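Trainee: Could we take a slow, close look at one spot in this model? I'd like to start from a single side chain and work outwards.

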Amino acid sequence: MDVVKPLKINTVLITGASSGIGLQLAQDYLALGWHVIACGRSQERLDALALNELVGATLLIFDISQRDQVQQAGQDLAELLAKTDCQLDLVVLNAGSCEYIDDAKAFDDVLFERVVHTNLIAMGYCLGAFLPLMPRGSRIGLMSSSAIYLPFPRAEAYGASKAGVQYLASSLSLDLAKNDIGVSLICPGFVATPLTAKNDFSMPMQVSVQTASKAIRNGLKGGKREIHFPRRFTYLLKLMSFLPAFVWQKMIANDTQAKPLKDKSL
Ligand SMILES: NC(=O)c1ccc[n+]([C@@H]2O[C@H](COP(=O)([O-])OP(=O)(O)OC[C@H]3O[C@@H](n4cnc5c(N)ncnc54)[C@H](OP(=O)(O)O)[C@@H]3O)[C@@H](O)[C@H]2O)c1
């Protein structure tokens, strides 16, 4: 971890601050005068972004999927908070990955484990390390996805991991109420980032990282339990999920060439 930076009133910790949505969030909170604890697994990558040179930024390097590294990060953070007299007002557990199951019949269980580990289990490691440091009145944002509203083809691993995050957030929200710690589930539609740049399919209503960051920051500030955007896209998915399964299966299949299931009980 880098040397202590000037004290700021508001402190936010963001995982996955080296790219995409997390990087934009870090830059925007810094511009707003927050103390940002920018987390990434690669010192080199974070150094290249020169985030560290901005006033108010502190780098914390760890791989979220490695429990020992996350625990060490928690200890380093506790020392930093004690030294600077800062308090952790906001934590955004944003880091994640997306990989698709190309052939469900030859199910890639290793890929499945890897994605669920990064997106869900590692979030548990971060909660274990950072929640004890969060005071009353603070808030935690958990990154899920609009993929939880409707199943998409090839998203068995990604969708399952993000649906797990949804349940985690709902349950946490109940249990942390007594500690006065708010929980927000974050469900973006398609956002233009290096993660989606790899996609080989159409991504309707895709938004920029700037739009995503604004929606997330506004939602967190407003204490929203569920932050979803762009609204036209997410409401459409939510609406479709109320239709009989064969209807949306057909619509998705038409769009993606996937074959609709014949089992009407689904
Ligand atoms: N983009 C979208 O359309 C979209 C939509 C819904 C949800 N999301 C979610 O939003 C989050 C951010 O996605 P993004 O689009 O901004 O992707 P991105 O540009 O690929 O950024 C992902 C970030 O997570 C970090 N990360 C991944 N695995 C990590 C690990 N094991 N340890 C530490 N850091 C790790 C990456 O670090 P490195 O730089 O070291 O790789 C990077 O900073 C993800 O959870 C994603 O599922 C994205």
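Trainee: Take T234: is it buried or exposed, and with what relative accessible area?

Mentor: Ground rules before we zoom in. This is a predicted model, so local features need pLDDT of at least 70 and side-chain atom pairs count only at pLDDT 80 or more, while totals for chains, interfaces and linings use all residues. Residues are numbered from 1 along each chain as its sequence is written, and side-chain values use heavy atoms, with hydrogens and water left out.

T234 is buried, at 0% relative accessible area. Buried means under 20%, exposed means over 50%, and partly exposed is what falls in between, with a 1.4 Å probe and protein chains only. T234 belongs to helix α8, residues 231–242. Helices here are DSSP runs of H or I with at least four residues, strands are runs of E with at least two, and both are numbered from the N terminus. Skipping neighbours within four places in sequence, T234 is in contact with S146, Y149, C187, H228 and F229; contact is heavy atoms within 4.5 Å. With H228 there's also a polar contact, side chain to side chain, at 2.7 Å. That term takes a pair of N or O atoms within 3.5 Å; within protein, one must be able to donate a hydrogen and the other to accept it, and residues adjacent in sequence count only if both atoms are side-chain atoms.

F229, one of those contacts of T234, leads to a backbone oddity: the peptide bond from F229 to P230 is cis, with omega near -15 degrees. P230 sits in the loop between β7 (226–229) and α8. While we're on backbone quirks, two non-glycine residues have positive phi. R154, in the loop between β5 and α5, has phi of about 70 degrees and is partly exposed at 24%. D180 lies in the loop between α5 and β6 (182–188), has phi of about 55 degrees, and is partly exposed at 41%.

Now the loop between α6 and α7 (209–221), where you'll find N199. N199 counts as buried, at 14% relative accessibility. Outside the four-place window, N199 is in contact with Y100 and F190. M203 is in the loop between α6 and α7 too, and, with residues up to four places away not counted, M203 touches F190 and T196.

α6 (194–197) takes us to the ligand: α1 (20–31), α5 and α6 each supply at least two residues of the shell around the ligand. The largest share, 3 residues, comes from α6. In total 28 residues surround the ligand, and the closest are S18, S19, Y158, V191 and T193; the cut-off is a heavy atom within 4 Å. R41 puts a polar side-chain atom 2.8 Å from a ligand oxygen, and a polar side-chain atom of R45 is also 2.8 Å from a ligand oxygen. For I64, a backbone N or O atom lies 3.0 Å from a ligand nitrogen. Taken alone the ligand exposes 890 Å², and the protein buries 93% of that; the areas come from the Shrake-Rupley method with a 1.4 Å probe, and for residues only the protein chains shown count as cover.

α1 itself is largely enclosed by the rest of the structure, because 10 of its 12 residues are buried. Among them are G20, G22, Q24 and D28. Its end C-alpha atoms are 17 Å apart, which agrees with the 16 Å that 12 residues should span; the expected span is 1.5 Å times one less than the number of residues. After α1 comes G33, with a positive phi near 90 degrees.

Last stop, α4 (residues 109–130). Its 22 residues reach 30 Å from first C-alpha to last, close to the expected 32 Å. There's a kink of about 45 degrees centred on H117, where the bend at a residue is the angle between axes fitted to the seven residues ending there and the seven starting there. At the start of α4, a side-chain oxygen of D108 comes within 3.2 Å of the backbone nitrogen of V110. The buried residues of α4 include V115, V116, N119 and Y125, and what covers the buried set includes β1 (11–14), α3 (67–84), β4 (90–93), β5 (139–143) and α5 (156–176).
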